[in-house]
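Reader: I have a model open and want to learn how to read it. Please take me through it one feature at a time.

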Amino acid sequence: MNEQRDRPLGELFGDLGRQVGTLVRRELDLAKVELGDRASRLGRDTAMVAAGGAILHGALLVLLAAAVLGLIAAGIDGWLAALIVGVVVAIVGAAVLRAGVGAIQRDGSRPSETIETMRDNIEWAKEQTK
């Protein structure tokens, strides 16, 4: 313990600099891992959405054609039946799109854990230099 007290100030600051450098490198490594995990998860989820969307697209086209034909059979002109179905589908599509974009924005791509740890490390380093 006396060895620590007898060390020159320059040596102590040198050690502090090396420790802070090591800490920053480790935090950057953590940020890379965290961003990689999020990117991988986002890619997998996006692929699932695309596959589901492609399958549903075919079903939707058939159902929309059936709706237009149903309105025509009910006595509405063909152009008006197609317009009615098209407007309803556009409204539903806009709502689904807005929900999807909102979900992606909420998840974000910031490495929040790493940012918080870096803030803690900065505070620790400030306290060490007082």
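**Reading the model, feature by feature**

Author: Start with one residue. G53 is partly exposed, at a relative accessible area of 34%. G53 sits in helix α2, residues 9-73.

Reader: Where is G53 relative to G10 in sequence and in space?

Author: The two are 43 residues apart in sequence. Their C-alpha atoms are 63 Å apart in space.

Reader: Before going on, how far can I trust the coordinates?

Author: This is a predicted model. Where pLDDT is low, the predicted coordinates should not be read in detail. Here the protein chain averages a pLDDT of 84, and 92% of the residues score at least 70.

Reader: Where is confidence lowest, and where highest?

Author: Helix α1, residues 2-5, has the lowest confidence, with a mean of 56. Helix α3 has the highest, at 91.

Reader: How do I judge the span of α2 from first C-alpha to last?

Author: Compare the span with the value expected at 1.5 Å a residue. For α2, with 65 residues, that value is 96 Å. The model gives 92 Å, close to the expected figure.

Reader: And what does helix α3 reach?

Author: Helix α3 covers residues 78-107, 30 residues in total. Its first and last C-alpha atoms are 44 Å apart, close to the expected 44 Å.

Reader: Which residues of α2 are buried?

Author: Use the cut-off: buried means under 20% relative accessible area. In α2, L16, E27, A31, E34, R38 and V68 are buried.

Reader: Which residues of α3 are buried, and what do they pack against?

Author: A81, V85 and G102 are buried in α3. The buried residues of α3 pack against α2.

Reader: What happens in the chain after α2?

Author: G75 follows α2, and its phi is positive, near 105°. I76 lies in the loop between α2 and α3.

Reader: Is I76 buried or exposed?

Author: I76 falls in between. It is partly exposed because its relative accessible area is 26%. Set aside neighbours within four places in sequence, and I76 is in contact with L71, A81 and I84. A81 is one of the buried residues of α3.

Reader: How should I read a salt bridge?

Author: Side chains of opposite charge can pair when their charged atoms come close. The structure holds two salt bridges.

Reader: Which residue pairs with D15?

Author: D15 pairs with R18, and their closest N and O atoms are 2.2 Å apart.

Reader: How are D15 and R18 placed along the helix?

Author: An α-helix has 3.6 residues a turn, so residues three or four places apart point the same way. D15 and R18 both lie in helix α2, three residues apart, about one turn of the helix. R18 counts as exposed because its relative accessibility is 53%.

Reader: What about R44 and D45?

Author: These two also form a salt bridge, with closest N and O atoms 3.5 Å apart. R44 is partly exposed, at a relative accessible area of 49%. D45 is partly exposed too, at 34%.

Reader: Which residues make the nonpolar surface patch?

Author: W79, L80, L83, I84, V87, V88, I91, V92 and V96 make it. The patch has about 850 Å². Take I91 as a sample member. I91 is found in helix α3. I91 counts as exposed because its relative accessibility is 58%.

Reader: Is Q105 of α3 buried or exposed?

Author: Q105 is exposed, as its relative accessible area is 61%. Q105 lies in helix α3. Now compare chain distance with space. Q105 and I72 are 33 residues apart along the chain, and their C-alpha atoms are separated by 41 Å.

Reader: How far is Q19 from R119, C-alpha to C-alpha?

Author: They are 16 Å apart in space, with their positions 100 residues apart in sequence. Q19 is placed in helix α2. Q19 counts as partly exposed because its relative accessibility is 46%.

Key. Residues numbered from 1 in each chain as written. Predicted model: local features only at pLDDT ≥ 70, side-chain atom pairs only at ≥ 80, totals over all residues. Heavy atoms only, no water. Helix = DSSP H or I, 4+ residues; strand = E, 2+ residues; numbered from the N terminus. Buried < 20%, exposed > 50% of the residue type's maximum accessible area, 1.4 Å probe, protein only. Expected span 1.5 Å × (residues − 1). Contact = heavy atoms within 4.5 Å. Patch = residues over 30% accessible without salt bridge, like charges linked within 9 Å, V, L, I, M, F, W, Y side chains within 5 Å. Areas by Shrake-Rupley, 256 points an atom, 1.4 Å probe, with all protein chains shown as cover. Salt bridge = Lys/Arg side-chain N within 4 Å of Asp/Glu carboxyl O. pLDDT = per-residue confidence, 0-100.
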